[in-house]
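Subject: Handing over a structure, with notes

Dear colleague,

I am passing on to you the structure shown below, and under it you will find my notes on what came out of it. Please read them with the structure open beside you.

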Amino acid sequence: MRPPPSRHWRNLILDSPSLWSSIRICKPWDVPFVKAHVARSAECPLDIEFYWEGSTEYDWRAIRSRFIAVFCCRHRWRSLALKNIGKDLILSSIFARQSIAFKRLTIIGDYPVTRPFWFGPNVDRTSVDYLELRACVDVNCLSNLSSLETLIIRFQGVGFPPTHAAFSLRKPKSLSLSGYTGDLHFCPETLHFPLLDSLSVNVTHARELMEAIVAPSVRHVRYAPHSCDSDMSSIFSSKFLSVERLSLCDYTELWKTARKTNVESAQAVSAAFPSVRHVELHARHVEAFFNIEAACPADGWEHLQVLT
């Protein structure tokens, strides 16, 4: 049996507000425990996370009682994460009462969120600089987020496909897109991200998406083929001349027998990213890029300095 912590360490923990600044709205955290975190966090910025399974009337009342305990200090909220929670109607009614602001928003789950309460009239949209959406949500209001710098979206294949006007964002520096994109239909050169520095793509229909993206300043591209049948020879174009770091990852569908990257795909990638200085290759891609029987695609990277 472990001895209890000394009084010194106990007092140090109790008197360190930053150790109490992460608060979860979940079943194991009862109301007194949530209130203790609010009190001991002093004036530190708070990271609030909702994680709840269940949708009975009892669940709704339990969520509400815990939420009220942290709503009183909403001026200190730094981030809000909604995970596996489908209580958008209850939360929207709470948000509608008074103004609220946060810098980071994360929504993860299988529940369709039909009312974008987090962008309602009482939410300070100018404060949000980080947005992660891994759920079926409406993304057509993204253009209203004037300070957004990091955007992470996993498309679920149903719900609210964005229009090119709503999805062209001026401020983001980091963009990560994954999931099923068969419902997305963009014309070439219609998604503009003038300040984008980092782009990560792992989608089912990558060609149309990559043709639509215009990112003249991007320096790092991370691409993971979603299917073992993905052909990289037709995905990339010469628009990525500014890229200095390229990461080619493993296939997403690891349960299938993946074929190796062919030389034609490797040549297309090499031509699309001629200015790379740092290349990260998964083992399945190496043979095609350093083929000794034909022209070696990696020879096209004249500025290559690091290979991992």
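In what order do the strands of the open sheet stand, and is their pairing parallel or antiparallel? Twelve strands make up this open sheet, and they follow one another as S1-S2-S3-S4-S5-S6-S7-S9-S11-S12-S13-S14, with parallel pairing. The edges are taken by strand S1 (22-25) and strand S14 (306-307), each of which has a single partner strand, so one side of each is left without a neighbour in the sheet. Please keep in mind throughout that this is a predicted model.

As for the protein as a whole, it holds eight helices and 14 strands. Of its 308 residues, 46% are buried. When one takes the contacts between residues at least 6 apart in sequence, 62% of them join residues that are at least 24 apart.

Going along the sheet from the S1 edge, S1 and S2 are joined by four bridges and pair in the parallel sense, and within this pairing Arg24 stands opposite Glu49 of S2. Strand S2, which covers residues 46-51, is mostly covered, since five of its six residues are buried.

Ser79 is a useful place to look at next, and it belongs to strand S3 (residues 77-83). Is Ser79 buried or exposed? Its relative accessibility is 11%, and Ser79 therefore counts as buried. If its neighbours within four places in sequence are set aside, Ser79 is in contact with Leu46, Asp47, Ile48, Phe102 and Arg104.

Two of those contact partners of Ser79, Asp47 and Phe102, can also be compared with each other: they lie 55 residues apart in sequence, while their C-alpha atoms are 9.2 Å apart in space. Phe102 itself is placed in the loop between helix H4 (88-95) and S4, and with a relative accessible area of 2% it is buried.

In strand S4 (residues 104-108) one finds Thr106, which at 11% relative accessibility counts as buried. Apart from its neighbours within four places in sequence, the residues in contact with Thr106 are Leu80, Ala81, Leu82, Tyr130 and Glu132.

Further along the sheet, strand S6 (residues 150-155) pairs with strand S7 (residues 174-179) in the parallel sense, over six bridges, and Leu151 has Leu175 in S7 as its bridge partner. Strand S9 (residues 198-203) and strand S11 (residues 220-223) are likewise paired in the parallel sense, over four bridges, with His220 in S11 as the bridge partner of Ser198. S11 is in turn joined by four bridges to strand S12 (residues 245-248), and these two strands run parallel; here the bridge partner of Val221 is Leu246 in S12.

Turning to the helices, how do H2 and H3 lie with respect to each other? The axes of helix H2 (residues 31-40) and helix H3 (residues 57-71) come within 9 Å of each other and cross at roughly 15 degrees. Angles under 35 degrees count as roughly parallel, and H2 and H3 are therefore roughly parallel to each other. The crossing in which H2 passes H3 is right-handed. On the H2 side the residues that meet the other helix are Val31, Val34, Lys35 and Val38, and on the H3 side they are Ser65, Arg66, Ala69 and Val70. Sorted by class, this contact of H2 with H3 has five nonpolar residues, one polar residue and two charged residues.

Finally, there are two loop residues whose backbone you may wish to look at. Ala42, although it is not a glycine, has a positive phi of about 55 degrees; it is placed in the loop between H2 and S2, and its relative accessible area of 36% makes it partly exposed. Glu189, also a residue other than glycine, has a positive phi near 60 degrees, and its place is in the loop between S7 and strand S8 (191-192), where at 44% relative accessibility Glu189 counts as partly exposed.

With best wishes

Methods:
Residues numbered from 1 in each chain as written. Predicted model: local features only at pLDDT ≥ 70, side-chain atom pairs only at ≥ 80, totals over all residues. Heavy atoms only, no water. Axes fitted to C-alpha atoms, helices over the stretch in contact; angles between N-to-C directions. Parallel < 35°, antiparallel > 145°, perpendicular 65-115°, else oblique. Left-handed = near helix turned anticlockwise from the far one by under 90°. Contact = heavy atoms within 4.5 Å. Nonpolar A, V, L, I, M, F, W, Y, C, P; charged D, E, K, R; others polar. Pairing = 2+ DSSP bridges. Buried < 20%, exposed > 50% of the residue type's maximum accessible area, 1.4 Å probe, protein only.
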